[in-house]
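This report covers the internal cavities of a predicted model, one of its helices, and the confidence of the prediction.

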Amino acid sequence: MPLGERGVWDKSESRYCGVETEFQDDVPRLLSFNLSSGGFDFVVAPLMDPSYRPSLMEADNNNTHVLPFAGSDLVLSPSQWSSHVVGKISQWIDLDSEDEILRMDSETTLKQEIAWATHLSLQACLLPAPKGASFANYARCVNQIFQGQSNMQLWLRIPLLKSDDDSPDVDSGNLMDSWELWNSFRLSCEHHSQLSLALDILSTLPSANAIGRWFGEPVRAAIMHTDSFLTNARAYPCLSKRHQKLITGFFNHSVQVVISGKPVHGIPGASIVSAANHSDENMNNLQRHPLRSYLDYVGYLYQKMEPLSEQERIELGYRDFLQAPLQPLMDNLEAQTYETFEKDSVKYIQYQRAISKALLDRVPDEEALTLTTVLMVVGAGRGPLVRASLQAAEETGRKLKVFAVEKNPNAVVTLHSLVKLEGWENVVTIVSCDMRLWNAPEKADILVSELLGSFGDNELSPECLDGAQRFLKDDGISIPSLYTSFIQPITASKLYNDVKSHKDLVHFETAYVVKLHSVAKLAPSQPVFTFNHPDYSTKKSNQRYKKLQFVIPQDTGSAMVHGFAGYFDATLYKDVHLGIEPSTATPNMFSWFAIFFPLRQPICVKPGSPLEVHFWRCCGSTKVWYEWSVTSPWSSPIHNSNGRSYWVGL
């Protein structure tokens with residue numbers, strides 16, 4: 001039964017909690033005990049009798065033997081197998097053993113168990129952790145399985161360990177950093193999208209930075225061992241604050257918790273109040289499961305989480321979904337796109353604040369009734385900035401004359417309707433024209449635009465405002481007046497695999513708009529390109545180049561860089577700003593998601609080693625494009641050379 005509901009929109013897989021079990025050939029009884037009586041949602045159960053060895057069966061010189069699987073496929077319905085059973089591959093297998101018989105037995109057994117799991121239509125199987133630092137044959141066999149099987153996920157079991165934290169749980173002399181183990185295995189399998197992770201959560205955790213890496217990796221399950229739980233004053237299991245924070249983080253990333261091990265807490269007779277809303281009539285049965293109190297505590301943590309905000313609920317469907325950036329100069333936006341952006345009240349409140357301050361600075365109180373300010377909205381769309389401008393004029397008691405310039409003839413129809421509806425005919429003049437081509441009848445005191453993209457200048461705000469600047473007075477004000485783009489290196493396994501699935505160069509050389517979620521941000525963002533408006537410099541150029549150097553914190557350990565997240569921060573006017581750069585982001589604003597620049601080959605960066613990246617903004621007669629490359633710790637190709645794959649049309 002799910003841990004609980006955080007609203008009708010809560011469809012996260014993390015609602016479901018599993019339990020790791022021993023081998024049992026009576027699978028219906030196993031499910032009944034753990035699911036019906038115990039309250040768990042699925043079992044992670046061995047598919048094969050652990051005493052089975054192919055070499056021993058062959059020694060019987062009898063080819064009629066039946067493999068000792070846990071019951072026939074008929075003992076459960078296909079939907080029960082699929083929804084409630086994760087296959088646990090035999091833990092004894094060692095495909096890189098120096099003992100040839102053990103190695104051959106392991107290879108045969110692995111393939112037999114995967115074949116059986118595929119026959120049962122299981123959604124996932126749990127692979128045992130590699131037995132040592134060398135696992136080439138293990139990875140080779142898993143690669144062979146990927147080539148022949150359906151879409152079943154394979155969860156590689158990896159302990160959450162980084163030995164510089166002096167973990168007492170394992171022999172750290174043999175394993176410095178379990179991420180290195182995972183990364184080597186993942187590289188051997190060529191970042192296969194069906195290879196994912198089940199992390200063993202131990203009683204001691206690495207540093208917050210070291211843990212943070214894993215949120216950009218394909219973690220599917222967090223295996224919580226009973227001996228990792230503490231005991232509270234009432235003798236019930238609980239977790240340390242750091243473990244609680246980790247589990248909550250996993251919940252937010254659709255990671256399922258699996259309880260493993262023997263009960264180590266002597267629970268008194270009465271069961272604690274379950275946060276999972278299990279039915280009262282089953283309560284007597286529920287108490288009989290030895291791990292029930294651990295499940296109750298995990299359910300309590302799930303229920304204790306803050307509900308998603310309205311903005312987060314809106315963005316749920318966009319999480320880690322790659323979208324092509326808008327081409328607002330080449331294409332006319334559709335009504336639905338306008339409507340989405342117009343719902344972002346926070347953005348227009350900021351614009352109204354900026355316009356109000358500009359009007360107060362521009363017009364002294366004693367001239368408020370006599371002096372009319374000329375304000376031009378360039379790229380007026382369906383009129384939200386026109387409305388914000390007139391509201392600012394009303395708020396400040398200033399007189400305004402507005403020109404609304406818009407190139408999209410469809411949006412102009414809506415603009416005319418709005419002006420008529422609101423009675424703005426004497427104040428607002430609508431101009432159906434590209435701002436770069438319009439000959440204004442007079443010059444503007446204030447020029448207002450919302451031409452910014454996720455990377456600031458990626459929707460050609462500089463080129464558009466350069467064209468419009470000629471009808472701004474010499475002492476005129478541009479809103480925005482300045483904007484800067486930022487990038488930061490990220491681990492983003494899902495995004496990388498989504499790009500890789502297209503199997504071409506073009507998609508690796510395209511920048512995507514994406515609501516980042518399952519990513520690890522490896523270093524603070526740094527500024528890239530800055531543009532000021534108005535710009536009266538004589539040698540004006542919108543081409544830019546920047547070399548940046550990032551250093552991954554020492555306690556993070558090694559990390560995989562799949563690409564770069566891009567953001568912007570804009571100064572609308574004086575102290576009124578707008579942006580999505582994480583450290584200064586405008587709260588509750590949803591008009592912009594981040595931009596993602598992928599790398600054709602992910603780059604592994606060692607702790608303390610500098611990551612050197614180069615970004616170019618290039619301009620041609622018909623298009624603007626970005627190029628990017630990494631030169632340290634080793635060199636990548638120049639991505640998107642000459643705008644061959646991705647550009648923004650002028």
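The largest cavity in this predicted model has a volume of about 50 Å³. The structure holds 2 cavities of 30 Å³ or more, and the table sets them out.

| Cavity | Volume | Lining residues | Lining make-up |
|---|---|---|---|
| Largest | about 50 Å³ | Q24, V27, L30, A45, P46, L47, A70, W81 and V85 | 8 nonpolar, 1 polar, no charged |
| Second largest | about 30 Å³ | L447, L465, Q469, L472, S478, H533 and P534 | 4 nonpolar, 3 polar, no charged |

Helix 1 (27-37) and strand 2 (42-46) each supply at least two residues of the lining of the largest cavity.

Helix 14 covers residues 384-396. At 1.5 Å a residue, its 13 residues should span 18 Å, and the end C-alpha atoms are 18 Å apart, so the expected and modelled spans agree. Which residues of helix 14 are buried? They are P384, L385, V386, A388, S389, L390, A392, A393 and T396. Among the elements that cover these buried residues are helix 12 (335-342) and helix 13 (345-362). The cover also includes strand 11 (372-378), strand 12 (399-406), strand 13 (428-432) and strand 14 (444-449). After helix 14 comes G397, with a positive phi near 70 degrees.

The protein chain has a mean pLDDT of 91, with 92% of its residues at 70 or more. Residues 165-173 have pLDDT below 50, and this stretch makes 13 contacts in the model beyond near neighbours in sequence. Residues 269-286 also have pLDDT below 50, with 27 such contacts. Where pLDDT is low, predicted coordinates should not be read in detail.

Conventions: Residues are numbered from 1 along each chain as its sequence is written. This is a predicted model: local features need pLDDT of at least 70, side-chain atom pairs count only at pLDDT 80 or more; totals for chains, interfaces and linings use all residues. Side-chain values use heavy atoms; hydrogens and water are left out. Helices (H or I, at least four residues) and strands (E, at least two) are DSSP runs, numbered from the N terminus. The expected span of a helix is 1.5 Å times one less than its number of residues. Buried means under 20% relative accessible area, exposed over 50%, partly exposed in between (1.4 Å probe, protein chains only). Contact means heavy atoms within 4.5 Å. pLDDT is the predictor's confidence in each residue, from 0 to 100. On a 1 Å grid over the protein atoms alone, a cavity is a set of points where a 1.4 Å probe fits but cannot get out, and a pocket is an open set with protein on both sides within 12 Å along at least five of seven lines; lining residues have an atom within 4 Å of a point. Grid points are joined across faces, edges and corners, and a volume is the space filled by probe spheres set on the points. Ala, Val, Leu, Ile, Met, Phe, Trp, Tyr, Cys and Pro count as nonpolar, Asp, Glu, Lys and Arg as charged, and the others, Gly among them, as polar.
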